[in-house]
Amino acid sequence: MIHNYKYMIDNLSSATIGKLIGLCITIFILRFATTHYKTRNSSIALSSNDLESLNNSISVYQYRPLVHFSPSKNWINDPNGLVYYHDEWHMFYQHYPLAPMAINMHWGHSISRDLITWTELPIAIEPEDDIVGIWSGSVVIDWKNISGLQKNSNIHPMIAIYTWQKQRWQEQHMAYSLDRGRTWTKYSSNPIIPLYNNVSTADRFSDKIVRRPFRDPKVSFHSPTASWILVLTGGNHIQFYRSVDLIHWSLISRFGFTDGSHGGTWECPDFIEFPQTTLKNQTSLWILIVSVQNGAPAGGSGMQYFIGTFDGITFRNLQSSSTINWLDYGSDFYAGITFHNVPRYDNRQILISWMNNWKYARDLPTAPLWRGQMTIPRQLQLDWNSFTNMYHLRQIPVHELYSYSKRFITFYRQKLSSNILLNISRDVYMFNSEFHNITKATNIHLNLRQNFNKSEYTQINYIGEKNQIEFDRSNSGLVDFHASYSLHFNMILDDETLTTGKLKLQLIVDRCSVELFINDGKYTMTALIFPKFSGYQIELSVDGHEIFINFLELMLLSQ
């Protein structure tokens, strides 16, 4: 038998052998791509249209992020129910497990020990049928068993409060877990917050009732009143509710009808206390984060925040109603929320956002394998900006990311008068730098993921005359998959850079994304890119006049 096989192989044409080798390589890469993460199921659901994309699977896999979370397969959007419990970081998220499409939402579930490496678990909360959606919400730990659901003295109930959606009717439901989030039971008396009171089940889905946005509950604890506070969106404003048992809720106030940006529907609020920050006689400042479906600086969806005080009933904005604070100035940063129950010894406010934009999210070229990924977890800090005389949110990558880094190249106190070209063998890295002698005549150009003939690259510019950061992805690779995929966006800095003469840039570059942190995270820009080629060059140049590199570190990232 072995001899016969050898005869067959010897008589194959070289072209046939080449095709067989190519087929084997494709099958291997596809299998590796769909099992790269620990998953609940080794199969992948492909539609008939997706089958046509199999020839492009090798290039699709090159976009699979290394240090950013993406599902092993199919659709993902908003992070939900971020919570820490029993030495595990839990991330739930909007997920459709059968195709890379935004339909019939489930709650996916992954856990991590360090916020970077994630293990997928089975679906946490499933819809009752094909037209119900389990939409965004939050998870808290019921430490004192105020819900009455605890059965085991060693494991506290995890309480999920989420939006149940059917035929545009939205109401708030509850589910609970008594085994550290592994299995979930829906509360038998749902809804816990109805859209309207005294509406029959039949009328909820009839044309008699006006349906409006009423979704995305986020729950936090308010110590001065010993009560739970829930915020959700009414579409063009935020509603505040209070409860003492996590089950019965009362509407206490509303905010935002005329405040901030109203370029699109308000979604996914978060309400965060910063107790270490004081203002006059107030003991705390509060941040209300709101995602906006349209009208963000880079076009499409984005996130804004409000800074104010909260007395247990009313949130009061400390800034004028026309002030708009954008959390990120890039194109792909949305629906971010923070973790509940971060240990006191840690005491960080840690946020994860969906790295995408509703303008083109349904058409990302990573299908048929998956669509969507999350940002690196970021620590939020509320600081006073002496250059604007305003409080602002600063964002920095969580320190856990550095455990995955290895220093590759370092420069200290070097003049930069022309250009520096770095050839590296990796497409996932962290770039930390500080430049000095910055003036209005300074122009800095940084090309990332640049190929050898310089036909493809992502460019970040600092233009001194405008004191502006510009992000240019027009030559970044695949850019024509959707007409709304914006190619250029920018952000004007405050006076710190031109006053001190210093500019700090930190970048996290993954296989299809760039996260940019400017001046220690005072400003951020987040964007997806889809290179066609394996671009491993970094080119740094300056024109206008000579500047100094105080330090430049290139750190390779790996799992």
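How do the residues of the lining of the largest pocket divide into nonpolar, polar and charged? In this predicted model, the lining of that pocket divides into 18 nonpolar, 11 polar and 7 charged residues.

## The two pockets

The largest pocket holds about 1,200 Å³ of space. Its lining is made of 36 residues, and those closest to the centre of the pocket are Phe221, Ser223, His340, Asn341 and Val342. Four elements give two or more residues to this lining, namely strand 9 (215-222), strand 10 (227-233), strand 13 (266-274) and strand 21 (378-385). The element that gives the most is strand 13, which contributes 5 residues to the lining of the largest pocket.

The second largest pocket has a volume of about 390 Å³, and 22 residues line it, with Asn77, Trp135, Glu267, Trp358 and Arg362 lying nearest its centre. Here the elements that give two or more residues are strand 1, strand 5 (132-141), strand 9 and strand 13, and strand 5 gives the most, with 4 residues. Strand 9 and strand 13 are thus named for the lining of the largest pocket and are named again for the lining of the second largest pocket. The table sets out the two pockets by volume, lining and class of residue.

| Pocket | Volume | Lining residues | Classes in the lining |
|---|---|---|---|
| Largest pocket | about 1,200 Å³ | 36 residues | 18 nonpolar, 11 polar, 7 charged |
| Second largest pocket | about 390 Å³ | 22 residues | 9 nonpolar, 7 polar, 6 charged |

## Aromatic rings

The structure holds 32 aromatic pairs. One of them is formed by Tyr63 and Phe530, whose rings lie 5.2 Å apart from centre to centre with 80 degrees between their planes, an arrangement that is edge-to-face. This pair links distant parts of the chain, for Tyr63 is in the loop between helix 4 (57-61) and strand 1 (74-85), while Phe530 is in the loop between strand 32 (523-528) and strand 33 (537-543), and the two residues are 467 residues apart. Both Tyr63 and Phe530 are buried.

Why does the pair of Trp384 and Tyr391 count as edge-to-face? The centres of their rings are 5.0 Å apart and their planes stand at 75 degrees, and planes over 60 degrees apart count as edge-to-face. The two partners can also be described by their accessibility: Trp384 counts as partly exposed because its relative accessibility is 47%, whereas Tyr391, with a relative accessible area of 15%, is buried.

Aromatic residues also gather in a group, since Phe240, Phe255, Trp266, Phe271, Trp286, Phe306, Phe310 and Phe315 form one aromatic cluster.

Rings can also be viewed together with charged side chains. The charged end of Arg413 sits over the ring of Phe548, at 5.2 Å from the centre of that ring, and the charged end of Arg473 sits over the ring of Tyr485, at 3.7 Å from the ring centre.

## A glutamate in strand 33

Is Glu539, which is found in strand 33, buried or exposed? Glu539 counts as buried, because its relative accessibility is 12% and buried means under 20%. The side chain of Glu539 makes a polar contact of 3.0 Å with the side chain of Asn419, and a further polar contact, of 3.1 Å, joins the side chain of Glu539 to that of Gln450.

Technical notes. Residues numbered from 1 in each chain as written. Predicted model: local features only at pLDDT ≥ 70, side-chain atom pairs only at ≥ 80, totals over all residues. Heavy atoms only, no water. Phe/Tyr/Trp six-rings, centres within 6.5 Å; stacked < 30°, edge-to-face > 60°. Buried < 20%, exposed > 50% of the residue type's maximum accessible area, 1.4 Å probe, protein only. Lys NZ or Arg CZ within 6 Å of the ring centre and 35° of its normal. 1 Å grid on protein atoms, 1.4 Å probe; cavity = no way out; pocket = protein on both sides within 12 Å on 5 of 7 lines; lining within 4 Å. Points joined across faces, edges and corners; volume = space filled by probe spheres on them. Nonpolar A, V, L, I, M, F, W, Y, C, P; charged D, E, K, R; others polar. Polar contact = N/O pair within 3.5 Å; in protein donor to acceptor, adjacent residues only side chain to side chain.
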